[in-house]
Structure formats: C-alpha cells, structure tokens
Amino acid sequence: MKRLSPLFFVLAFTFNALPVLAENKATAIDKREVLVLTPMQREHVLAEMRALLTGVQNVLGALAEDDMKAVADIARPLGSSMAGKAEDHLKGVLPKHFMQLGMDVHHDFDSIAALAESGAGSKAVLSELSRSMKKCQACHAHYQIYPLKSGATEKERSHHGH
C-alpha cells in the first residue's frame with residue numbers, strides 16, 4: 001500500500017474540519033451592546049463612520065505620496081467641525097461612551113491636520129492615525145446598531161439601555 005503524503009492529511013483536515021470550525025464560530029452569540037436607532041439616526045451614524053473610513057484611506061494615500069498638504073485638507077473636515085453638524089439629536093439617544101469615542105476620533109483628525117500643517121513627518125501622522133483607529137476598533141468591538149422597527153414605541157426603545 002502506498003504511503004500517504006503528510007500534505008494529504010493537511011488537505012483532508014482543511015477541507016473537512018475548517019467548515020465545521022467556521023460554522024461554530026458563526027453561531028457564536030454577539031455580546032456587543034445593541035444600539036437601537038431610528039432609520040434616520042442609524043443612517044447618520046453609519047454615514048459618518050463611512051466618511052471617517054474613507055478619510056483614513058485617503059490620508060493613507062496622501063501619506064504614501066508624502067503630500068502633507070493633502071493630509072491636512074483631508075483630515076480637517078473630519079475633525080471637530082464635522083462632529084458639530086448633527087450630533088445634538090443623538091446626544092440623548094447614544095450612550096456617553098459611544099459619543100465620547102466619536103468625539104475623540106474627530107479631535108484626532110484635528111490633530112492629524114495640525115500635525116500635517118506643522119510640517120511633522122509621516123511617522124508622527126501615522127502614529128496619531130493608529131491611535132485613532134484603536135478608538136474605532138474599540139467602538140466596533142463594543143457596539144452594534146440596529147434600526148428601530150416601525151411601530152415600536154419609545155418605551156420599547158428605552159428598554160434597550162438608553
């Protein structure tokens with residue numbers, strides 16, 4: 001009888017065991033805090049997150065080109081001026097911790113713009129961006145956002161920890 005290659009066993013494990021492991025992971029309970037928002041509030045929060053993510057990507061692109069003016073131009077509108085545009089209607093709805101993380105990220109973009117304008121090097125800007133991304137990661141690890149079902153009452157909504 002031919003001796004089976006060790007590669008055969010690795011492939012056999014990969015094709016047989018990994019789908020089972022992935023299935024078990026997929027059924028894990030999401031323990032993040034649920035934030036239930038109206039569709040308008042949810043869209044506002046998600047649009048802001050998408051704008052920040054696009055800003056991060058654009059800052060990284062500008063840093064790759066060593067274009068500090070572009071870094072400042074990209075970061076500045078994502079700073080505290082962005083935060084003041086519509087957050088008042090969310091202050092009573094979102095947890096303080098969530099709001100604080102968001103405000104901190106906006107302040108970080110102010111810092112990124114100031115660093116770029118001051119002539120700081122790419123390493124300093126990357127360090128600030130990395131620090132800021134840890135706040136994004138912490139927020140996404142702690143919270144999940146669901147839309148308020150139509151017909152749900154304010155009382156039902158407040159039952160979700162608001």
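**A tour from helix α6 to the aromatic pair**

Begin by selecting Ser 130, which lies in helix α6 of what is a predicted model. With a relative accessibility of 38%, Ser 130 counts as partly exposed, because that class covers the range between the 20% limit for buried and the 50% limit for exposed residues. Now add Val 56 to the selection and draw a line between the two C-alpha atoms: Ser 130 and Val 56 are 74 residues apart along the chain, yet the separation in space is 9.9 Å.

Next, turn to the largest pocket, whose volume is about 420 Å³. Its lining comprises 24 residues, and those to select for a view of the centre are Val 45, Glu 48, Met 49, Leu 52 and Gly 102, which are the closest to it. Colouring by helix is useful here, since α2 (39-64), α5 (96-117) and α6 (122-142) each contribute at least two residues to the lining of this pocket, with α5 giving the most, namely eight residues. If the lining is coloured by residue class instead, 16 nonpolar, five polar and three charged residues appear.

Finally, select Phe 98 and Tyr 143, which bring us to the one aromatic pair that the structure holds. The ring centres of Phe 98 and Tyr 143 lie 5.2 Å apart and the ring planes meet at 80°, so the pair is edge-to-face. The pair links distant parts of the chain, as Phe 98 belongs to helix α5 and Tyr 143 to strand β2 (residues 143-147), 45 residues apart. Switching to a surface display, one can then check that Phe 98 and Tyr 143 are both buried.

Definitions and conventions. Residues numbered from 1 in each chain as written. Predicted model: local features only at pLDDT ≥ 70, side-chain atom pairs only at ≥ 80, totals over all residues. Heavy atoms only, no water. 1 Å grid on protein atoms, 1.4 Å probe; cavity = no way out; pocket = protein on both sides within 12 Å on 5 of 7 lines; lining within 4 Å. Points joined across faces, edges and corners; volume = space filled by probe spheres on them. Helix = DSSP H or I, 4+ residues; strand = E, 2+ residues; numbered from the N terminus. Nonpolar A, V, L, I, M, F, W, Y, C, P; charged D, E, K, R; others polar. Buried < 20%, exposed > 50% of the residue type's maximum accessible area, 1.4 Å probe, protein only. Phe/Tyr/Trp six-rings, centres within 6.5 Å; stacked < 30°, edge-to-face > 60°.
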